[in-house]
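Student: I have a structure open and a list of terms to test on it. Can we take them one by one?

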Amino acid sequence: MKILVLNCGSSSIKYKLYNMDDNSVLAAGGVERIGLDEAFIKVTLPNGEKKKIMHDMPDHKEGVNFVFQCLLDPEIGAIKSLDEIDAVGHRIVQGGDLFEKSVIVDKSVEDGIESLCDLAPVHNAGHLKGLRAVDKLMPNTPQVCVFDNAFHSTMPDYAYLYAIPYELYEKYHVRRYGFHGTSHRYVSQRVCEFLGRDINTQRIITCHIGNGASVSAVKFGKCVDTSMGLTPLAGVMMGSRSGDIDPSAVTFLMEKLGKKPQEMADFLNKESGVLGITGISSDMREIESAAEEGNERAQLALKMYNYRIKKYIGAYAAAMGGVDIIVWTAGVGENQIGTRLESCSGLEFLGVKMDAEANKVRGKEAIISAPDSKVTVCVIPTDEELMIAKDTMNLLQK
């Protein structure tokens with residue numbers, strides 16, 4: 001079975017084509033700048049080389065169509081006919097409380113996703129455009145939606161509700177949803193396979209730390225809490241997102257800066273976090289380099305960043321009555337040696353004992369805690385696309 005996985009944003013499409021017989025990637029790439037000047041696709045060739053092709057793409061239909069053209073191309077493609085694609089799996093950021101698991105797409109699913117656009121206007125609108133583009137170009141091909149927050153739907157109400165009048169939850173569905181759920185699900189399952197343990201007996205803290213970052217508590221295979229909230233803005237400090245902040249500080253700054261609600265949301269999402277503290281970049285590699293060169297604000301940003309991750313690890317160990325495994329994943333989690341070491345330092349009282357030498361690993365599965373550590377700390381590279389492909393295959397085979 002061959003499954004195409006699409007992640008459609010407001011002006012972008014990321015894709016991977018899988019052969020599910022062996023979970024191999026047949027093709028991968030990404031479209032950028034849909035609806036804008038100088039739109040292009042960047043295709044990853046079998047030898048790892050990337051090829052950039054400029055192409056006018058006024059809308060998502062043309063973007064998806066050009067992805068198909070590239071997949072069929074004799075030189076850079078991977079298939080001879082679109083009929084070889086058995087299904088298309090989509091990443092959907094916001095499923096609200098309508099979708100608690102992956103689903104096969106029909107009209108009611110599309111309508112449900114559209115009804116949730118208020119909660120994720122940019123993301124869900126982009127996902128819908130991708131779904132509808134495939135509808136028009138491959139009307140007989142089944143599609144599956146895998147929701148970013150579905151893994152977090154097992155949180156108890158006392159964990160996901162905000163302490164505001166209850167009728168606001170009933171009327172507007174204002175609550176903690178969490179995101180990166182497909183990644184948290186993948187790494188919590190994969191780390192147990194890697195260690196040879198039964199997930200139903202393990203208390204796991206998963207740290208998806210990239211430009212966007214979230215931490216989840218996974219108890220006996222189910223998520224019981226997660227750091228992101230109604231939107232991906234809450235939780236730990238991120239590349240350009242503030243993470244947790246006093247709401248009164250937000251209204252205070254709106255008044256002082258003369259910002260309207262959407263302008264303030266953009267400020268907290270795009271101009272804050274590590275970027276806001278350093279004034280240098282949202283890229284942790286650049287921040288780490290600047291800190292090593294003596295930049296004091298870069299050093300401060302790293303301390304703030306690591307401290308906030310450590311606080312969530314401690315909080316979730318308390319929420320689960322202990323912790324057996326801590327998992328690091330995503331761009332920073334898989335590659336930033338210093339962040340992992342600093343965020344886990346001082347947690348010896350929980351049974352965490354790091355191995356500084358073993359921690360010197362980037363982008364591959366590894367145990368980075370000491371042999372006598374009561375808590376096993378691991379690096380597990382995430383593969384959200386493979387998780388989406390597996391969900392798609394499993395639903396279609398039922």
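Tutor: Start with handedness. A crossing is left-handed if the near helix is turned anticlockwise from the far one by less than a right angle. This model is predicted. In it, helix 10 passes helix 11 in a left-handed crossing.

Student: Which residues make the contact between helix 10 and helix 11?

Tutor: Helix 10 brings M284, I287, E288, A290 and A291. Helix 11 brings A298, Q299, A301, L302 and Y305.

Student: Why are helix 10 and helix 11 called oblique to each other?

Tutor: Look at the angle. Helix 10 (residues 284-292) and helix 11 (residues 296-320) pack at about 125°, with axes 8 Å apart. Roughly perpendicular ends at 115 degrees, and roughly antiparallel needs over 145. The angle fits neither, so the two helices are oblique.

Student: What makes the rings of Y160 and Y169 a tilted pair?

Tutor: Their centres are 6.1 Å apart. Pairing asks for centres within 6.5 Å. Their planes stand at 50°. Stacked needs under 30 degrees and edge-to-face over 60, so this pair is tilted.

Student: Are Y160 and Y169 buried or exposed?

Tutor: Buried means under 20% relative accessible area. Y160 has 14%, so Y160 is buried. Y169 has 15%, so Y169 is buried.

Student: What sits over the ring of Y160?

Tutor: The charged end of R175, 3.7 Å from the ring centre. The distance limit is 6 Å.

Student: Where does K52 lie?

Tutor: Over the face of F40, 4.3 Å from the ring centre.

Terms used:
Residues are numbered from 1 along each chain as its sequence is written. This is a predicted model: local features need pLDDT of at least 70, side-chain atom pairs count only at pLDDT 80 or more; totals for chains, interfaces and linings use all residues. Side-chain values use heavy atoms; hydrogens and water are left out. Rings of Phe, Tyr and Trp (its six-membered ring) pair if their centres lie within 6.5 Å; planes under 30 degrees apart count as stacked, over 60 as edge-to-face and the rest as tilted. Buried means under 20% relative accessible area, exposed over 50%, partly exposed in between (1.4 Å probe, protein chains only). A charge sits over a ring if NZ of Lys or CZ of Arg is within 6 Å of the ring centre and within 35 degrees of the ring normal. Axes are lines fitted to C-alpha atoms, for helices over the stretch in contact, and angles run from 0 to 180 degrees between N-to-C directions. Helices (H or I, at least four residues) and strands (E, at least two) are DSSP runs, numbered from the N terminus. Angles under 35 degrees count as roughly parallel, over 145 as roughly antiparallel, 65 to 115 as roughly perpendicular and the rest as oblique. Contact means heavy atoms within 4.5 Å.
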